[in-house]
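This report walks through one protein model, beginning with a single residue and ending with the packing of the interior. Please keep the sequence and the structure in view while reading.

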Amino acid sequence: MNVLVTGANGGIGGAVVNFLVEKGITVYALDLKEPTEKNGAVYFSADVTDEKSLFSVAEKLKADGVFLDAIINIAGVFTINSFIEIQNAELKRVFNVNFFG
């Protein structure tokens, strides 16, 4: 089984990656930066809000003959500002990652 996990370097994403690897599942982990400590997953540096970045990963997987059985989309960001105080740029960033990414 081949699984792609986005947000793979975060707390929840990292735990999911570790769990899947421990179960013998081939994990393709995607995040903005590759982790310093790798755990058996195949890591890709990509931005879920950037189509070119995602297509690049897809092309690499396709070239290697990888077919994904599942995608677990964990990538997410949040803001600590109140809704009234939040700036448009920050609100767009949150929506781009959490909804569109």
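Does Arg 93 count as buried, exposed or partly exposed, and at what relative accessibility? Arg 93 counts as partly exposed, at 35% relative accessibility. Like everything that follows, this value was computed from a predicted model.

**A charged pair**

The side chain of Arg 93 meets that of Glu 90 in a salt bridge, with 2.9 Å from N to O, and a search of the whole structure finds one such bridge. Side chains of opposite charge can pair when their charged atoms come close. Because Glu 90 and Arg 93 are three residues apart in helix H3, which covers residues 88-100, about one helical turn separates them. As for the charges of the whole protein, the mean position of the 8 positive ones and that of the 12 negative ones are 3 Å apart.

**Overall layout**

The protein contains three helices and four strands, and from the N terminus on these elements follow the order β-α-β-β-α-β-α. Measured out along its principal axes, the C-alpha trace spans about 45 × 25 × 25 Å. Of the 101 residues, 31% count as buried, while the protein exposes about 6900 Å², of which carbon and sulfur atoms supply 57%. Among contacts between residues at least 6 apart in sequence, 44% join residues at least 24 apart.

**Nonpolar cores**

The largest nonpolar core is made up of eleven residues, including Leu 4, Tyr 28, Leu 30, Phe 44, Ala 46, Val 57 and Val 97. The elements that give two or more residues to this core are strand S2 (26-31) and helix H2 (51-63). Apart from this core lies another, of ten residues, among them Val 5, Leu 20, Val 27 and Ala 29.

Within the largest core, Val 57 is found in helix H2 and counts as buried, since its relative accessibility is 5%, under the 20% limit. Leaving out residues up to four places away in sequence, Val 57 touches Leu 30, Phe 44 and Ala 46. Ala 46, with neighbours within four places likewise set aside, is in contact with Leu 30, Asp 31, Leu 32, Ser 53 and Val 57.

In the other core, Val 5 lies in strand S1, residues 2-6, and counts as buried at 0% relative accessibility. Not counting residues up to four places away in sequence, Val 5 touches a list of residues that includes Gly 13, Val 16, Val 17, Leu 20, Val 27, Ala 29, Ile 72 and Ile 74.

**A strand residue with partial exposure**

Ala 70 is found in strand S4, residues 70-73, and is partly exposed, with a relative accessible area of 28%. Once neighbours within four places in sequence are left aside, Ala 70 is in contact with Asn 2, Val 3 and Leu 4, and Leu 4 belongs to the largest nonpolar core.

**Separations between C-alpha atoms**

The table sets separation along the chain beside the distance between C-alpha atoms for three pairs.

| Pair | Separation along the chain | C-alpha distance |
|---|---|---|
| Ala 70 and Asn 2 | 68 residues | 6.8 Å |
| Val 57 and Gly 10 | 47 residues | 19 Å |
| Val 5 and Leu 20 | 15 residues | 9.8 Å |

Ala 70 and Asn 2 are also in contact, as are Val 5 and Leu 20.

Terms used: Residues are numbered from 1 along each chain as its sequence is written. This is a predicted model: local features need pLDDT of at least 70, side-chain atom pairs count only at pLDDT 80 or more; totals for chains, interfaces and linings use all residues. Side-chain values use heavy atoms; hydrogens and water are left out. A salt bridge is a side-chain nitrogen of Lys or Arg within 4 Å of a carboxyl oxygen of Asp or Glu. Buried means under 20% relative accessible area, exposed over 50%, partly exposed in between (1.4 Å probe, protein chains only). Contact means heavy atoms within 4.5 Å. Accessible areas come from the Shrake-Rupley method with a 1.4 Å probe; for residues, only the protein chains shown count as cover. Lys and Arg count as positive and Asp and Glu as negative; His and the chain ends are not counted. The place of a charge is taken as NZ of Lys, CZ of Arg, CG of Asp or CD of Glu. A nonpolar core is a set of buried Ala, Val, Leu, Ile, Met, Phe, Trp, Tyr and Cys residues joined through side-chain atoms within 4.5 Å.
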